[in-house]
Amino acid sequence: MKQLSFLLEKEFRQVFRNPAILRSVLIMPIIQLLIFPFAANYEVKNVLLSIVDHDHSSYSQKFISKITASGYFILTDYSPSYNKALEAIESDKADLVIEIPKNFEKDLVKETKSSMLLAVNAVNGAKANLGGAYAANIIRDFNQEIRLDWMTFPAFNAIPTIEITSSNWYNPTMNYKDFMVPGILVTLLTMIGTFLTSLNIVQEKESGTIEQINVSPISKTTFILGKLIPFWIMGLITLTIGLLIARLFYQIVPVGNIALIYLFAMVFLLALLGIGLLISTYAETQTQATFVGFFVMMVFMLLGGLYTSIDSMPEWAKWITKVNPVAYFIEVMRMIVLKGSGFADIKYHLLAVLGLAVVFNTWAILNYHKRS
Amino acid sequence: MREAVITANKLTKKFGDFIATNEVSFEVDKGEIFGFLGANGAGKTTAMRMLCGLSMPSSGSATVAGFDVYKQTEKIKQNIGYMSQKFSLYEDLTVSENIRFYAGIYGMARQAIKEKTAQLLNQLNLTPEANTLVKALPLGWKQKLAFSVAIFHEPKIVFLDEPTGGVDPITRREFWNLIYRAAERGITIFVTTHYMDEAEYCNRVSIMVDGKIEALDTPRNLKKTFNATSMDEVFLQLARGAKRSDD
């Protein structure tokens, strides 16, 4: 193990001499955590709205002012006909069309019912879905209001409606930052784990120094440990910085035990470093390593549950998430940070990631040859 | 008394249909400077890599320092030094950090490394550059340093793969002085080159053409056999029939 101390000494010296690595370990998390949570959220605002009002009545006016006052919509177009409104959608001036029919007010008053057409541009799926849902909500509200107005008339028979109230557990205000910050922290650790390790080893291949090591009596395991330990420590430093930022800027204080987060991160990093190592045993150049690394990262991220819910994925995709350490960590992070889950709640996640760590590292060690 | 430290018997390496090294057989004696000559692509580097345990032979047998190249590569590695064609010190480490690292992975103790480093830097006139990053050194110095690092742990044999590529004749001369000094200490030198003037410095020389050893003797005997005045002429006579030209 004396050899290992020389390897570690060399590795750390190189890290501290390489400003690019220091930047990615220290500055990248700060920037990402300060910018991302503000830009990337699930809320949909600024839905461009086109209204086709055939009625021009006081009720239709009331409705329009209600929907524009909600803050989610910007009235950009006021068309005389539905076809004209569709043109506005085609030219990207509107995302959503609401058509108010002729006799809207008259029908409402006389027959106590009327209809409205809601058309949504579904090119941007998330915006369309949420925009449509908001609009439907506002229409329902509007409906409620006029019924209340009419309650005073004895002749009117108020139909009892079921009102739904919801409460958001563990994140009562549905603050997206509380949701995103732990997730972003995981993606940062993922980048450090896969990229820094694989690029570091492949760089030794490119410069030829790895051959000098392969011709020495140093064992495969010692060499690999010498490569993994420094990046393992750097990952934990990044995690610490990230947790500090979460506390200082977002007031996110994990409800659960911080030591548990570290324990999980230690095992998680082991799995990620194993993947980085594995990539480096196959890649001959840094370009190759970067491309493969990106591919793996994208799969892990998109199927990791940061942006979309794993529960709503098809069966086959759910199976992929079972071998995705990122998915486990994002879930565990949210469980510990928001819900205060304890060891018993995450032990299966921990075991799964530990298993993946063993698989990836064994595969990498078997595939690393001192001799070709 | 002759004592063979490297023996190769019909050592062969194939890459698919391509036979890089074709049944080469030779012996290298202890303390000898053994020149391994050949044009680019003749198979020199492949043969050397098999002996160092970096490449698995396809067939044939060989021993290095008494150990088998198939089964005892880790034992071989403890007894050899290696300097590759590709410059192999860490550019972002200083001179003394490079020495310490390589000595360390060969299992030398820190105190011993410290003392020997001072001695070596003094010998190479590099003491003022001890804390200079290697990338800031001129190529000739880097190569002398790389050689010194390769024999720092006192191996029995040192393998040098085209160690003097790209440097001027004066620096090459200085480099060969280092080689002589190492040979005097009893280190066997196995060196590949395609500079024919360097061949003259070797005790014995083998010349490879298209994966095979076509001649093996002292430079003097080779010149006599081929009726030539220089090693250059010997080499040209042998290599004229070569079909391969690329590395």
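A salt bridge is a side-chain nitrogen of Lys or Arg within 4 Å of a carboxyl oxygen of Asp or Glu. Keep that cut-off handy for the exercises below, and remember that you're working with a predicted model.

**Exercise 1. Find out how chain A and chain B touch, and how many salt bridges link them.**

Step 1. Start with who takes part: chain A puts 27 residues into the contact, and chain B puts in 39 residues.

Step 2. Now look at the area. Together the two chains bury about 2,800 Å², with 52% of it on carbon and sulfur atoms.

Step 3. Count the links. There are five salt bridges between chain A and chain B. The interface also has 16 residue pairs in polar contact, both partners being at pLDDT 80 or more.

Step 4. Ask which elements of chain A do the touching. Those giving two or more residues to the side facing chain B are H1, H7 and helix H8 (209-214) of chain A. H1(A) supplies the largest share of that side, ten residues.

**Exercise 2. Work out which parts the salt bridge between Arg110(B) and Glu9(A) joins.**

Step 1. Check the distance. The two side chains meet at 3.0 Å, N to O, and the cut-off is 4 Å.

Step 2. Place both residues. Arg110(B) sits in helix H4 (residues 110-123) of chain B and Glu9(A) in helix H1 (residues 2-17) of chain A, so this pair joins two chains.

Step 3. Is Arg110(B) buried, exposed or partly exposed? Its relative accessible area is 40%, so Arg110(B) counts as partly exposed.

Step 4. Look for a second pair. Glu97(B) and Arg13(A) also form a salt bridge, at 3.2 Å from N to O.

**Exercise 3. Compare where two salt bridges within single chains are placed, and say whether their residues are buried or exposed.**

Step 1. Over all chains, the count comes to 22 salt bridges. Let's pick two of them.

Step 2. In chain A, the side chains of Lys227(A) and Glu204(A) meet at 2.7 Å, N to O. Lys227(A) belongs to helix H9 (residues 220-250) and Glu204(A) to helix H7 (residues 176-207) of chain A, so the bridge ties together parts 23 residues apart in sequence. Lys227(A) and Glu204(A) are both buried.

Step 3. In chain B, Glu198(B) and Arg172(B) form a salt bridge of 3.2 Å, N to O. Here Glu198(B) is in helix H7 (residues 196-199) and Arg172(B) in helix H6 (residues 169-184) of chain B, so parts 26 residues apart in sequence get tied together. Glu198(B) and Arg172(B) are buried too.

Step 4. Some bridges share partners. That sharing puts Glu9(A), Arg13(A), Arg17(A), Glu97(B), Arg100(B) and Arg110(B) into one network.

**Exercise 4. Explain why Cys52(B) and Cys202(B) don't form a bond.**

Step 1. Recall the chemistry: a disulfide is a covalent bond between the sulfur atoms of two cysteines.

Step 2. Search everywhere. Zero disulfides turn up over all chains.

Step 3. Check the gap. The closest cysteine sulfur to that of Cys52(B) belongs to Cys202(B) and is 16 Å away, so it's too far for a bond. The cut-off is 2.5 Å.

Step 4. See where they sit. Cys52(B) is buried at a relative accessible area of 0%, and Cys202(B) is buried at 5%.

**Exercise 5. Describe the surroundings of Leu33(A) and Asp95(A).**

Step 1. Get the layout of chain A. Its domain assignment gives domain 1 (2-40 + 172-367) and domain 2 (47-150). The C-alpha centres of these two domains are 47 Å apart.

Step 2. Take Leu33(A), found in helix H2 (residues 19-39) of chain A. With a relative accessible area of 0%, Leu33(A) is buried.

Step 3. List what Leu33(A) touches. Beyond its neighbours within four places in sequence, its contacts include Val181(A), Ile184(A), Leu185(A) and Tyr250(A). Between the C-alpha atoms of Leu33(A) and Pro254(A), which are 221 residues apart along the chain, the distance is 16 Å.

Step 4. Turn to Asp95(A), in the loop between helix H4 (82-90) and strand E3 (96-100) of chain A. Is Asp95(A) buried or exposed? Its relative accessibility is 15%, so Asp95(A) counts as buried.

Step 5. Finish with its contacts. Again leaving aside neighbours within four places in sequence, Asp95(A) touches several residues, among them Asn46(A), Val47(A), Ile89(A), Asn121(A) and Lys127(A).

Terms used:
Residues are numbered from 1 along each chain as its sequence is written. Chains are lettered from A and ligands numbered from 1 in the order in which they are written. This is a predicted model: local features need pLDDT of at least 70, side-chain atom pairs count only at pLDDT 80 or more; totals for chains, interfaces and linings use all residues. Side-chain values use heavy atoms; hydrogens and water are left out. Buried means under 20% relative accessible area, exposed over 50%, partly exposed in between (1.4 Å probe, protein chains only). Helices (H or I, at least four residues) and strands (E, at least two) are DSSP runs, numbered from the N terminus. Domain bounds come from an automatic or database domain assignment. Contact means heavy atoms within 4.5 Å. Buried area is the accessible area (1.4 Å probe) that two parts lose on being put together, summed over both. A polar contact is a pair of N or O atoms within 3.5 Å; within protein, one must be able to donate a hydrogen and the other to accept it, and residues adjacent in sequence count only if both atoms are side-chain atoms.
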